[in-house]
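I opened this one to practise reading strands and cores. Here are my notes, in the order I looked things up.

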Amino acid sequence: EAGAESMGVFKVAASGGPVTKIFSGAPLQSPLGIAISSDDKTLYIADSAAGHDPNDPDARPGVGQIFKLPVAGGTPMVVSGTEGTRPRGLDLRAEGNNDVLYFSGNDPQSGAPALLRIGTGGLTTVASGEPFHDPSGVAVADNGDVYVTDSTGSGGSSRASVIKVAG
């Protein structure tokens, strides 16, 4: 089983077949979201726990980052500016000649749940705080609207929403 080896990124044909490892092990700790570049050469991996040392009781909670990894394999590299954002879901949108990542996580300044964007201009907080509680999945429409899944509550009172962020 591919997942038994360690946390990682694996591929399999849509029709089924053998599982091929692209990368596994450190620095990946809890990869949750994945997107592919517009040229199909780079994978972007959201890891909400990367950088966390479970043996350090004083480790700061603002961990997590996005990695980029060649589709053919190699070593994951941190996407600069995403450190401490606890990223979960992500989607990529080509804007002009540049790829821009939209992702859910936490605003690194305030710690509030947020929708974030990183492109050539660096990290931008698109929206944070209410109505977000625990944002996860992200999808960007062709017109630029962003849809974010969000869950609230705990136990039997849990519910989920899809929040549209326009403009």
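**Entry 1: strand 4 and its partners**

I began with strand 4 and strand 5 (residues 65-70), which pair in the antiparallel sense over six bridges. I should jot down now that this is a predicted model. Picking one pair to look at, I found Leu43 opposite Leu69 in strand 5.

Then I turned to strand 3 (residues 31-36). Five bridges join strand 3 to strand 4, and these two run antiparallel as well. Ile34 has Ile45 in strand 4 as its bridge partner. Strand 3 and strand 4 make a hairpin with five residues between the strands. Asp40 in that hairpin takes a positive phi near 60 degrees.

A reminder to myself: strands of a sheet pair through backbone hydrogen bonds, either parallel or antiparallel.

**Entry 2: which way do the side chains go?**

In a regular strand the side chains alternate between the two faces of the sheet. I checked this on strand 4: Thr42, Tyr44 and Ala46 point one way, while Leu43, Ile45 and Asp47 point the other way. Are these residues of strand 4 buried or exposed? All of them are buried. With six of its six residues buried, strand 4 is largely enclosed by the rest of the structure. My cut-off for buried was under 20% relative accessible area.

**Entry 3: the sheet with strands 7 to 10**

Next I looked at an open sheet of four strands, in the order 7-8-9-10, with antiparallel pairing. Which strands stand at the edges? They are strand 7 and strand 10 (122-128), and each has a single partner strand, so one side of each is left without a neighbour in the sheet. On average, neighbouring strands of this sheet are turned by 25 degrees against each other, direction ignored.

I zoomed in on strand 7 (residues 90-95) and strand 8 (residues 98-106), which are joined by six bridges and run antiparallel. In this pairing, Asp91 stands opposite Tyr102 in strand 8, and Arg93 has Val100 as its bridge partner. Strand 7 and strand 8 form a hairpin too, with two residues between them. In the turn, Gly96 has a positive phi of about 70 degrees.

**Entry 4: the cores**

How many residues make up the largest nonpolar core? I got twelve in all, including Ala35, Tyr44, Ala46, Ile66, Val79 and Phe103. Strand 4, strand 7, strand 8 and strand 9 (113-119) are the elements that give two or more residues to this core. Strand 9 gives the largest share, three residues.

I clicked on Leu101, also part of this core, to see what it touches. Leaving out residues up to four places away in sequence, Leu101 touches Tyr44, Ile66, Leu90, Asp91, Leu92, Leu116, Arg117 and Ile118. Apart from the largest core lies another one, of ten residues, with Val100, Leu115, Val138 and Val165 among them.

**Entry 5: zooming out**

I finished with the whole protein. There are one helix and 13 strands, and from the N terminus on, the elements run α-β-β-β-β-β-β-β-β-β-β-β-β-β. Buried residues make up 36% of the 167 residues. The accessible surface comes to about 9,000 Å², and 49% of that belongs to carbon and sulfur atoms. Among contacts between residues at least 6 apart in sequence, 29% join residues at least 24 apart.

Technical notes: Residues are numbered from 1 along each chain as its sequence is written. This is a predicted model: local features need pLDDT of at least 70, side-chain atom pairs count only at pLDDT 80 or more; totals for chains, interfaces and linings use all residues. Side-chain values use heavy atoms; hydrogens and water are left out. Two strands pair if DSSP finds at least two bridges between them. Axes are lines fitted to C-alpha atoms, for helices over the stretch in contact, and angles run from 0 to 180 degrees between N-to-C directions. Buried means under 20% relative accessible area, exposed over 50%, partly exposed in between (1.4 Å probe, protein chains only). Contact means heavy atoms within 4.5 Å. Accessible areas come from the Shrake-Rupley method with a 1.4 Å probe; for residues, only the protein chains shown count as cover. A nonpolar core is a set of buried Ala, Val, Leu, Ile, Met, Phe, Trp, Tyr and Cys residues joined through side-chain atoms within 4.5 Å.
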